[in-house]
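Trainee: Could we go through this model together, asking what stands behind each label?
Mentor: Gladly; let us have it on the screen.

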Amino acid sequence: AKAGSLMGTIVTLGSALLFVGLMLYLVKPWLAKKIRQFSAAGNPKASVAMVFLVVLTSAWIAEVIGIHALFGAFLAGVIMPADTSVKELLTDKVEDISVMLLLPIFFAFTGLRTQIGLLNQGQLWIVFVLIMLVAVGGKLGGSTLTAKLMGQSWTDSLAIGALMNTRGLMELIVLNIGYDLG
């Protein structure tokens, strides 16, 4: 989205592919080795620091390349070792702050940027209602039917479908990125 020309797009895509390759084939094994070393030495705080360093560096590199920092941080999450002790330690350290502080700030920020007054014509409201019906109906219906096909009761299937409609955080993040890009 930020590329101004075809050549800029090619450079961005090439850089992104190189970045993904380096993360998967160089950084991932290196990180797993370092975390094992820190765990063997009885230093779990060093593992947490290493993970945060990788996440922040990956986000920064993605931003420099021309893709959003979110995708770099996501990629860093993808390459994290499956060591459960590190995951539990990170969850203990980060979850409370992110859920109790950062998430409400994000929702407040997003809500303050919403301009419902732009829906000032009848046909815009009709389009809005149709989009909402498709979005909510698709998630509710698809999740409910899938759960039912997997052997859940209708009550549990409807509960799963309703709860799937609450899962919109990633969509809000992507919409905010698009809004920031104009």
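**Labels and their cut-offs**

Mentor: Just after H7, Gly182 has a positive phi of about 90°. Keep in mind that this is a predicted model, where local features need pLDDT of at least 70, side-chain atom pairs count only at pLDDT 80 or more, and totals for chains, interfaces and linings use all residues. Residues are numbered from 1 along each chain as its sequence is written, and side-chain values use heavy atoms, with hydrogens and water left out.

Trainee: What makes the span of helix H7 close to the expected one?
Mentor: Helices are DSSP runs of H or I with at least four residues, numbered from the N terminus. The expected span is 1.5 Å times one less than the number of residues. Helix H7, residues 169–181, has 13 residues, for which 18 Å is expected, and its first and last C-alpha atoms are 19 Å apart.

Trainee: Why is the contact of Asp180 and Arg113 called a salt bridge?
Mentor: The term asks for a side-chain nitrogen of Lys or Arg within 4 Å of a carboxyl oxygen of Asp or Glu. Here the N to O distance is 2.8 Å, so the pair qualifies. The two partners link distant parts of the chain, with Asp180 in helix H7 and Arg113 in helix H4, 67 residues apart. A search of the whole structure finds 1 salt bridge.

Trainee: Why is Asp180 called exposed, and why is Arg113 called buried?
Mentor: Buried means under 20% relative accessible area, exposed over 50%, and partly exposed in between, with a 1.4 Å probe and protein chains only. Asp180 has 55%, so it is exposed; Arg113 has 18%, so it is buried.

Trainee: And how do you know whether Ser58 and Leu124 are buried or partly exposed?
Mentor: Ser58, in helix H2, is at 2% and therefore buried. Leu124, in helix H5, is at 31% and therefore partly exposed. As for distances, Ser58 lies 8.6 Å from Phe71, C-alpha to C-alpha, at a sequence separation of 13 residues.

Trainee: What makes Glu88, Asp92, Glu95 and Asp96 a negative surface patch?
Mentor: Asp and Glu count as negative. A patch takes residues with over 30% relative accessible area and no salt bridge, joining like charges within 9 Å and nonpolar side chains within 5 Å. Glu88, in helix H4, has 52%, so it passes the area cut-off.

Note on methods
Helices (H or I, at least four residues) and strands (E, at least two) are DSSP runs, numbered from the N terminus.
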